[in-house]
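Visitor: Hello! I am new to this one, so could you show it to me and walk me through it?

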Amino acid sequence: MAETVAYPDLPTESPMGAPLDWAWLRGAKSEWGVHPKPSARGLTMLDIATGTYGEVPDRPKHRSMAPRGADVDDDTADMGYILNRKTDVWADNVVELYEEAVARQWSATRDIPWGELTELPSDLEHAICQLCTLLTEVEMIAADLPAKWMWRLNHDFIEAKMFLCTQIMDEARHAEVFRKRALANGGGLLLSRSGPTSLLRTIIEAKTYTQASALMHLLGEGFVLDIFRMGELIAPTDVEKRIFRMCMQDEARHVAYGTMHLRYAVEHDPDVAEEIHEALDVGEGVLIDFGTAPDVSTALAVLLAGGTEHVEDKGFPLSMELTVKQLTSYLARCERAGLNRLERTQIPLDMLGIDVEPIKAAAGSAR
Ligand SMILES: [Fe+2]
Ligand SMILES: [Fe+2]
């Protein structure tokens with residue numbers, strides 16, 4: 001509660017004769033006198049989530065841009081938000097992930113040792129340029145999609161909005177770094193096929209934010225994260241290794257938010273699980289078509305083989321390993337989110353030799 005202090009009589013009109021309002025000085029009902037303690041990192045959003053300021057309502061009273069915790073006029077403007085339930089957007093790790101995102105921003109201009117690039121054999125330069133063409137294309141969906149939904153999020157979920165802002169910045173940087181790599185070493189941008197663009201369209205057209213989050217964070221970005229995780233094997237030089245490592249940190253945050261958002265949604269509203277399953281039924285098929293598309297699979301295989309010479313004996317087997325990793329970690333993420341896909345998925349688990357035990361064991365774990 002605001003402290004009651006007796007202030008001297010103050011004017012009720014400005015020198016120009018306009019009425020003055022001193023309610024902010026002596027009539028506020030909001031919590032006053034909070035003293036959040038900075039942590040070792042500085043004053044974080046977690047540090048200021050103190051008292052009533054740390055309480056995020058399940059169903060906010062207003063749909064305005066009023067800051068959560070302030071006294072709000074009853075007739076405050078309705079901004080037309082449609083994501084007004086905490087289960088629509090929240091994740092228990094979202095505040096921490098926002099702080100992590102801010103602390104770990106990097107620069108595609110400055111933090112990649114571009115000057116160390118040397119001429120590569122033509123097949124490898126073509127392959128990395130084709131992969132970068134595709135990545136430049138798909139990265140931006142993960143900026144467009146949060147942007148599409150953000151203005152519909154109730155402002156009481158400010159931390160979730162702020163996290164999505166960091167994701168948008170991250171994706172701009174990813175599009176930037178892959179475009180730069182395609183152009184930086186004597187190559188260029190290669191083929192953009194209709195298949196990948198169709199997948200992006202499926203994601204952007206998802207009917208609800210939670211379905212969109214399942215398709216993008218859990219499925220699409222999860223698959224890209226595993227490509228980055230295999231970056232040590234895919235990268236022809238230390239420059240690309242560094243690019244993949246830097247992008248991997250960012251991507252891991254986006255996937256961690258999505259996984260925990262879906263978990264929060266399913267835990268608090270079990271009916272939403274079916275909605276998510278339906279989106280994933282479609283999404284898995286589309287993504288597998290995308291992953292096995294002839295350009296993507298050949299470019300990755302050439303990179304994994306270190307050139308076209310060993311593409312059959314080394315490239316394709318390693319590429320199959322990557323696919324198994326991608327599907328295993330995706331299904332494990334579903335379990336962590338509280339979504340049992342093992343009973344439902346159309347992915348041919350036996351044919352691909354996917355071990356379901358580690359997937360089942362992931363249920364209930366946090367990351
Ligand atoms: Fe990305
Ligand atoms: Fe991402």
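Guide: Gladly, and we start with a definition. Four donors count as tetrahedral if all angles lie between 85 and 135 degrees, and as square planar if opposite donors are over 155 degrees apart and all others between 65 and 115; anything else is irregular. Please keep in mind that this is a predicted model.

Visitor: What is the site of the iron ion (ligand 1), judged by the angles among its four donor atoms?

Guide: The protein donors here are Glu-139 (OE), Glu-171 (OE), His-174 (ND1) and Glu-251 (OE), at 1.9 to 2.3 Å. The angles among these four donor atoms run from 86 to 143°. A tetrahedral site needs all angles between 85 and 135 degrees. The site of the iron ion (ligand 1) is therefore classed as irregular.

Visitor: Which spacing do the donors of the iron ion (ligand 1) follow along the chain?

Guide: Two of the donors, Glu-171 and His-174, are three residues apart in helix H6 (residues 158–184), so about one helical turn separates them. Both are buried, Glu-171 with a relative accessible area of 0% and His-174 at 0% as well. Written out for the whole set of donors, the spacing is E-x31-E-x2-H-x76-E.

Visitor: Which residue coordinates both the iron ion (ligand 1) and the iron ion (ligand 2)?

Guide: The two iron ions are 3.2 Å apart. For ligand 2, the protein donors are Glu-171 (OE), Glu-221 (OE), Glu-251 (OE) and His-254 (ND1), lying 1.7 to 2.2 Å from the ion. The residue named as coordinating both ions is Glu-171.

Visitor: How are the donor residues of the iron ion (ligand 2) spaced in sequence?

Guide: The angles among the four donor atoms of this ion are 89 to 151°, and its site is irregular. Distant parts of the chain are linked here, with Glu-221 in helix H8 (residues 209–229) and His-254 in helix H10 (residues 238–268), 33 residues apart. The spacing of the donor residues is E-x49-E-x29-E-x2-H.

Visitor: Is Glu-221 buried or exposed?

Guide: Buried means under 20% relative accessible area. Glu-221 has 4%, so this residue falls under the cut-off. His-254, at 0%, counts as buried too. The word for Glu-221 is buried.

Visitor: Let us turn to the helices. Are H4 and H7 roughly parallel or oblique to each other?

Guide: H4 and helix H7 (residues 194–204) pack at an angle of about 20°, with their axes 10 Å apart. The contact is made by Leu-134, Glu-137 and Val-138 of H4 and by Pro-196, Thr-197 and Leu-200 of H7. Their crossing is right-handed. Angles under 35 degrees count as roughly parallel, so H4 and H7 are roughly parallel.

Visitor: How do H4 and H12 lie, roughly parallel or oblique?

Guide: H4 and helix H12 (residues 294–305) pack at about 135°, and their axes are 9 Å apart. That angle makes H4 oblique to H12.

Visitor: What separation do the C-alpha atoms of Ala-127 and Ala-299 have?

Guide: Ala-127 lies in helix H4 (residues 122–139) and counts as buried at 5% relative accessibility. Leaving aside neighbours within four places in sequence, Ala-127 is in contact with Ala-299, Val-302 and Leu-303. Ala-127 and Ala-299 are 172 residues apart along the chain, and their C-alpha atoms are separated by 4.7 Å.

Conventions: Residues are numbered from 1 along each chain as its sequence is written. Chains are lettered from A and ligands numbered from 1 in the order in which they are written. This is a predicted model: local features need pLDDT of at least 70, side-chain atom pairs count only at pLDDT 80 or more; totals for chains, interfaces and linings use all residues. Side-chain values use heavy atoms; hydrogens and water are left out. Donors are N, O and S atoms within 2.8 Å of the metal (3.2 Å for Na, K and Ca); water is not among the atoms, so sites may look incomplete. Four donors count as tetrahedral if all angles lie between 85 and 135 degrees; four count as square planar and six as octahedral if opposite donors are over 155 degrees apart and all others between 65 and 115; anything else is irregular. Helices (H or I, at least four residues) and strands (E, at least two) are DSSP runs, numbered from the N terminus. Buried means under 20% relative accessible area, exposed over 50%, partly exposed in between (1.4 Å probe, protein chains only). Contact means heavy atoms within 4.5 Å. Axes are lines fitted to C-alpha atoms, for helices over the stretch in contact, and angles run from 0 to 180 degrees between N-to-C directions. Angles under 35 degrees count as roughly parallel, over 145 as roughly antiparallel, 65 to 115 as roughly perpendicular and the rest as oblique. A crossing is left-handed if the near helix is turned anticlockwise from the far one by less than a right angle, and right-handed if clockwise.
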